[in-house]
Amino acid sequence: HKPGKGLLIDIGAGSGLFLQAARNNGWEVSGIEFNCEAIEAIQKRQIKVFANPLEDNIYAVNSADVVTIWEVLEHVNRPDEFIHQIYNILKPGGLLFICVPNINSLVTRILHENSRTFGGSSHVNFFSIATLSRLVMKNNFKVLETDNLISELGTIKNYLSYEDPYLRDTKLDFNFLNPEYLYRNNLGSRICILCRKIK
């Protein structure tokens with residue numbers, strides 16, 4: 001989808017590992033991160049990082065070739081405005097990649113309030129492939145690909161075995177649950193979407 005290289009911005013860059021991988025593959029990289037320890041880790045990788053929100057105009061209009069947001073959008077108070085700000089900094093035809101928890105995942109359907117999707121007050125938005133697609137299309141992006149990943153089958157099997165879903169490893173086997181089934185039916189715990197700026 002992007003044969004040439006250019007500026008890749010990762011919002012919510014964590015320790016900068018993804019940015020380092022992108023730089024190693026020929027991209028110019030930059031990130032936004034608010035966690036002080038993560039910022040130090042990014043700076044040790046000698047990567048440009050900002051501790052400012054997008055609305056501070058830290059990136060020029062039409063300056064980025066790719067923007068990635070890995071498990072950030074579920075924390076954003078106004079996701080519509082956030083996606084619009086990303087639209088503004090992307091060049092025409094630029095790419096946006098988003099990864100968020102899947103509200104329709106099997107683990108969420110089974111564990112309900114015990115699922116980490118609903119962990120605490122930091123997740124203020126919940127997305128399915130359909131709602132995430134509508135959000136980006138509303139902001140003049142064309143959806144190129146959608147996908148789901150991470151089955152969390154171990155978590156589900158632990159819970160069905162009356163074990164702590166996240167801290168145990170049950171010996172029981174539920175052969176009817178397999179990663180292929182979850183993947184085919186978009187039941188993985190994370191969804192990803194790749195879209196292109198249009199207009």
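A nonpolar core, as used below, is a set of buried Ala, Val, Leu, Ile, Met, Phe, Trp, Tyr and Cys residues joined through side-chain atoms within 4.5 Å. Keep in mind that this is a predicted model.

**Exercise 1. Find the residues at the heart of the largest core.**

Task: Work out which residues of the largest nonpolar core touch the most other members, and which elements supply the core.

Solution:
- Step 1. Start with the contacts inside the core. It has 30 residues, and those touching the most other members are Ile 69, Leu 73, Phe 82, Ile 83, Ile 86, Leu 96 and Ile 98.
- Step 2. Now sort by element. Two or more residues each come from E1, E4, H3, E5, H5 and E7. H3 gives the largest share, with five residues.
- Step 3. Zoom in on Phe 82. Leaving out residues up to four places away in sequence, Phe 82 touches Ile 11, Leu 54, Ile 69, Val 72, Leu 73 and Val 76.
- Step 4. Don't lump everything together, though: there's a second, separate core of 16 residues, and Leu 8, Val 66, Leu 95 and Cys 99 are among them.
- Step 5. As background, nonpolar side chains in soluble globular proteins tend to be buried together.

**Exercise 2. Look at the buried residues of H3.**

Task: List the buried residues of helix H3 (residues 79-89), then say what they pack against.

Solution:
- Step 1. The buried set is Pro 79, Phe 82, Ile 83, Ile 86, Tyr 87 and Ile 89.
- Step 2. Check the spacing against the helix repeat. An α-helix has 3.6 residues a turn, so residues three or four places apart point the same way.
- Step 3. Follow the packing. The buried residues of H3 meet E1, E4, strand E5 (90-101), helix H5 (129-138), strand E6 (141-149) and strand E7 (190-197).

**Exercise 3. Trace the sheet.**

Task: Put the seven strands of the open sheet in order and pick out the edge strands.

Solution:
- Step 1. Reading across, the order is E3-E2-E1-E4-E5-E7-E6, with mixed pairing.
- Step 2. Strand E3 (48-50) and E6 are the edges, since each pairs on one side only.
- Step 3. For the twist, neighbouring strands are turned by 15° against each other on average, direction ignored.
- Step 4. Go through some of the pairs. E2 and E3 run parallel and share three bridges, with Gly 31 opposite Val 49 in E3. E1 and strand E2 (residues 28-32) are also parallel, over five bridges, and Ile 9 faces Ser 30 in E2.
- Step 5. Follow the chain between those last two strands: from E1 it goes through helix H1 (residues 17-24) to E2, in a right-handed β-α-β crossover.
- Step 6. On E1's pairing with strand E4 (residues 64-70), the sense is parallel and there are three bridges. Asp 10 stands opposite Thr 68, while Ile 9 stands opposite Val 67.
- Step 7. E4 and E5 make a parallel pair with six bridges, where Cys 99 in E5 is the bridge partner of Trp 70. The route from E4 through H3 to E5 is a right-handed β-α-β crossover.
- Step 8. Add H5, which lies across E5, E6 and E7 and runs at about 155° to E6.

**Exercise 4. Explain the enclosed strands.**

Task: Why are E1 and E4 described as largely enclosed?

Solution:
- Step 1. Count for E1 (residues 7-11): five of the five residues are buried, so E1 is largely enclosed by the rest of the structure.
- Step 2. Split E1 by direction. Leu 7, Ile 9 and Ile 11 point one way, Leu 8 and Asp 10 the other, and all are buried.
- Step 3. Repeat for E4. Here six of the seven residues are buried, so E4 too is largely enclosed by the rest of the structure.

**Exercise 5. Place two buried loop residues.**

Task: Are Asn 102 and Trp 27 buried or exposed, and what do they touch?

Solution:
- Step 1. Asn 102 sits in the loop between E5 and helix H4 (106-111). Its relative accessible area is 1%, and the cut-off for buried is under 20%, so Asn 102 is buried.
- Step 2. The Asn 102 side chain reaches the backbone oxygen of Asn 186 at 3.0 Å. Beyond four places in sequence, its contacts include Thr 108, Phe 127, Leu 187 and Ile 191.
- Step 3. Trp 27 is in the loop between H1 and E2. With 14% relative accessibility, Trp 27 also counts as buried.
- Step 4. Trp 27 and Gly 6 are 21 residues apart along the chain, with their C-alpha atoms separated by 5.5 Å. Setting aside neighbours within four places in sequence, Trp 27 is in contact with residues including Lys 2, Leu 8, Ala 22 and Val 66.

Definitions and conventions: Residues numbered from 1 in each chain as written. Predicted model: local features only at pLDDT ≥ 70, side-chain atom pairs only at ≥ 80, totals over all residues. Heavy atoms only, no water. Buried < 20%, exposed > 50% of the residue type's maximum accessible area, 1.4 Å probe, protein only. Helix = DSSP H or I, 4+ residues; strand = E, 2+ residues; numbered from the N terminus. Pairing = 2+ DSSP bridges. Right-handed = clockwise from strand over helix to strand, strands pointing away. Contact = heavy atoms within 4.5 Å. Axes fitted to C-alpha atoms, helices over the stretch in contact; angles between N-to-C directions. Polar contact = N/O pair within 3.5 Å; in protein donor to acceptor, adjacent residues only side chain to side chain.
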